[in-house]
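Please look through the sequence and the model shown here before reading on. The paragraphs below then lead from one element to the next.

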Amino acid sequence: MAFDIGMIKKVYQNMVERVDKAREITGKPLTLSEKILYSHLWEGNATKAFTRGKDYVDFAPDRIACQDATAQMALLQFMQAGKLKVAVPTTVHCDHLIQAKSGAATDLKSALDTSSEVFDFLGSVSNKYGIGFWKPGAGIIHQVVLENYAFPGGMMIGTDSHTVNAGGLGMVAIGVGGADAVDVMAGMAWELKFPKLIGIKLTGKLSGWTAPKDVILKVAGILTVKGGTGAIVEYFGEGAQSMSCTGKGTICNMGAEIGATTSTFGYDASMERYLKATDRADVAEAANEVKDYLTGDAEVYANPEKYFDQVIEINLSELKPQINGPFSPDLATTVGEMNEKATKNGWPLDVEWGLIGSCTNSSYEDLSRAASIAKQATDKGLVTKAEFGINPGSEQVRFTAERDGILKAFEDLDATIFTNACGPCIGQWARYNDPKNAPKNSIVHSFNRNFSKRADGNPNTHAFVTSPEMVAAIAISGRLDFNPLTDTLTNKNGEQVKLDEPTGWELPPKGFDVKDNGFEAPIADGSGINISVSETSDRIQLLTPFKPWDGKNILGAPLLIKAFGKCTTDHISMAGPWLKYRGHLDNISNNCLIGAVNAFGKETNKVLNQLTGEYDAVPAVARAYKAKNIQSVVVGDHNYGEGSSREHAAMEPRHLNVIAVIVKSFARIHETNLKKQGMLGLTFANEADYDLIQEKDKFNFIDLMEFAPGKELTVEIEHADSSKDVVKLNHTYNAAQIEWFRYGSALNLIKSLQK
Ligand code: F3S
């Protein structure tokens, strides 16, 4: 069974009790976001009112979803925890590693050839530990989650930023790093700063060419890529209720593009229809019984300014189609105003490709509305000017769309139907042989992100984000400034024709259908399954537990690098071509800190090897120390480790024998990741002491044996001229986290508790 109705009923039972309690404790009516947060507290019933944007709170999510790129290290780590099964229902989805080239059949086959060891590994680990496995070609993680697992009022985490898509079905769904997912899989709590709340009131109703995508493109234009940071965006109002469930998913999906923690909508009739259409009438029935708990309190929506930190109102009846880009998803342009803007900025007006798909816009409704435009082109004798590529969101969507003639409408325009996978959305698109030197051009797509090089690796590709129906219209016209509301096109007979407004179905009139949805349920008892990984594999490597602390002060640890200025997780563990080694810690460690600027010499990836006196690459020097069993130290500036939550940025230095990272300040998630990997994440008590660090320094941690919560540590810094500085260091380790350090990692500790 794809979902567990018993678990969902239990969540609703808790919700009734806990929401009432939270209302009493906070002494106010509650938003939907608060209801979901307060009903998923690790401690059960709330005992205090949390301060938004301030308090760190432990939660107990209901589900976890992982995609194939991030699942590799997450599962490798989970295997270290010594558990028989995952503690929380979990699924793995193979969608990121399939390149779009010639079309679904050949592309899928070639992905199976190239990445079979990764897929086989993920499949067998899933089977062993009770994880549901969605095979390559089954669909894009967030579409599959919406169709099978998301439920109103639930809380889920996923190792992908667009996990937030499930807000379309009334969840609080949040993208996290692998280390967080592993904690929850292993039965631990998940910590989150209690979010701020942004309320978006939707009035009016969408019509004509305007689609749910335009709502979030408009919101992105208002809030910009940072405007949602640390907040949950909650949509409400009659306009919200008038939209389909998958349309709500689109809006929540792109909440990631405004930096929001997540976005959500209250339970309504569109969600009930969607649940029933996707074979979950029992979930709808259970939700109907507690529906007042699955939406914000009436008083909150009547006086939103009183209860949200920020309120925005959008009238859907006045909203016009938007085209956002290039290079940033918040650069909003209303259709009809593009010519002037593009001309002024030198954006190519000729459009070469129109792409429909991604987790943002690949539902049945999306495809059916875009297909209604494609069909008109054929019927009205138009010739498509740009090329067309389609990635259906799931096999269920693809199968049903094929049955209903939707895919044929695209194929009649010579569209290529790619695999049900991410494809061009994550740069898995064989568009060019030499993307770096490819020409300047424009493309339009229905995806969420349009940063330089994201789709095709070409820095000269100007990618614009819009709704699927607008992608279809623009691809047919071949013009970025085409306005289907006013403009005509010349057909084969030289006649001027106009495209009519798109039409479509919210849900398939004949119901969804699928032959093989690509799901593999795990066996009941996987304890006998042996996970074998070839020693010669360069993609997957089983982890070896990090060594526990020997209980002694650490003396004579050389400086590996003193990072100068900004040092994000990208500087510590670069992405790009390194992504393919995400499941192989030793191989990916060859990118460790190669992007960080060395404070001595101001160059990247060039540091002094204190053993030889020579300069070499950071990973090479770290390996040289490791070979002699020497632990090293990294020093950094402010906000060290900001950026993504990827755990590789902590695991790689740890693997290369770095024991301490001493900085002016940390990005909190990275600091926690260092702690989880059994390292010392420390801050200078006096920031100016950063300036004392010299290139040939060695560090003596002289009171590590008294490591205790709230007590500063002392490090003696030995300089090359034998002089010494004694520096005080702060830390934020609590007693449990000090145990992680003692045991060598949080997972080592969990494993020891199993015995
Ligand atoms: Fe995949 Fe792009 Fe979504 S990479 S998960 S389709 S954002």
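Which strands and helices are included in what covers the buried residues of H18? This is a predicted model, in which local features need pLDDT of at least 70 and side-chain atom pairs count only at pLDDT 80 or more, while totals for chains, interfaces and linings use all residues. Residues are numbered from 1 along each chain as its sequence is written. The cover over the buried residues of H18 includes the strands S12, S14, S15 (387-390), S17 (441-445) and S19 (489-490), together with helix H15; helices (H or I, at least four residues) and strands (E, at least two) are DSSP runs, numbered from the N terminus. Cover of this kind is counted through contacts, two residues being in contact if their C-beta atoms, placed from the backbone, lie within 7 Å.

Helix H18 itself spans residues 468-477, and 10 of its 10 residues are buried, so the helix is largely enclosed by the rest of the structure. Here a residue is buried if 20 or more other C-beta atoms lie within 10 Å of its own, exposed if 12 or fewer, and partly exposed in between, with C-beta atoms placed from the backbone. The buried residues of H18 include Glu 469 as well as Pro 468, Met 470, Val 471 and Ser 477. After H18 comes Gly 478, which has a positive phi near 75 degrees.

One of the strands covering H18 is S14, and Ile 356 lies in this strand. Ile 356 counts as buried because 30 C-beta neighbours lie inside 10 Å. When neighbours within four places in sequence are left aside, Ile 356 is in contact with Asn 361, Ala 370, Ile 390, Ser 446, Pro 468 and Val 471, and of these Pro 468 and Val 471 are among the buried residues of H18. The C-alpha atoms of Ile 356 and His 445 are separated by 5.8 Å, although the two residues are 89 residues apart along the chain.

The loop between strand S14 (351-356) and helix H15 (364-379) holds Ser 358. Its phi is near 75 degrees, a positive value in a residue other than glycine, and Ser 358 counts as buried because it has 29 C-beta neighbours inside 10 Å. Ser 358 also belongs to the surroundings of the ligand, where it is named with Cys 359, Cys 422, Cys 425 and Ile 426 as coming nearest among 13 residues; a residue is near a molecule or strand if its C-beta atom, placed from the backbone, lies within 6 Å of it. The residues of this shell divide into 6 nonpolar, 5 polar and 2 charged, where Ala, Val, Leu, Ile, Met, Phe, Trp, Tyr, Cys and Pro count as nonpolar, Asp, Glu, Lys and Arg as charged, and the others, Gly among them, as polar.

Another loop with backbone features to inspect runs between strand S12 (322-324) and strand S13 (332-334), and Pro 326 is found there. The peptide bond from Gly 325 to Pro 326 is cis, with omega near 0 degrees. Phe 327 has its place in this loop too, with a positive phi near 70 degrees in a residue other than glycine, and it is partly exposed, having 16 other C-beta atoms within 10 Å.

How is the protein divided into domains, and which residues does each span? The division is into domain 1 (5-318), domain 2 (322-497) and domain 3 (554-754), with bounds that come from an automatic or database domain assignment. The shell around the ligand draws at least three residues from each of domain 1 and domain 2. Between domain 1 and domain 3 there is a further set of contacts, in which 15 residues of domain 1 meet 14 residues of domain 3. Helix H3 (68-78) and helix H6 (178-185) each supply at least two residues of the side of domain 1 that touches domain 3, and the largest share of that side, 5 residues, comes from H3. The C-alpha centres of domain 1 and domain 3 lie 34 Å apart.

Finally, there is helix H1 to consider. H1 bends by about 25 degrees at Met 15, the bend being the angle between axes fitted to the seven residues ending there and the seven starting there. Met 15 is also one of the buried residues of H1, as are Ile 8, Tyr 12, Arg 18, Val 19 and Ala 22, and what covers them includes helix H2 (32-38) and helix H11 (281-289).
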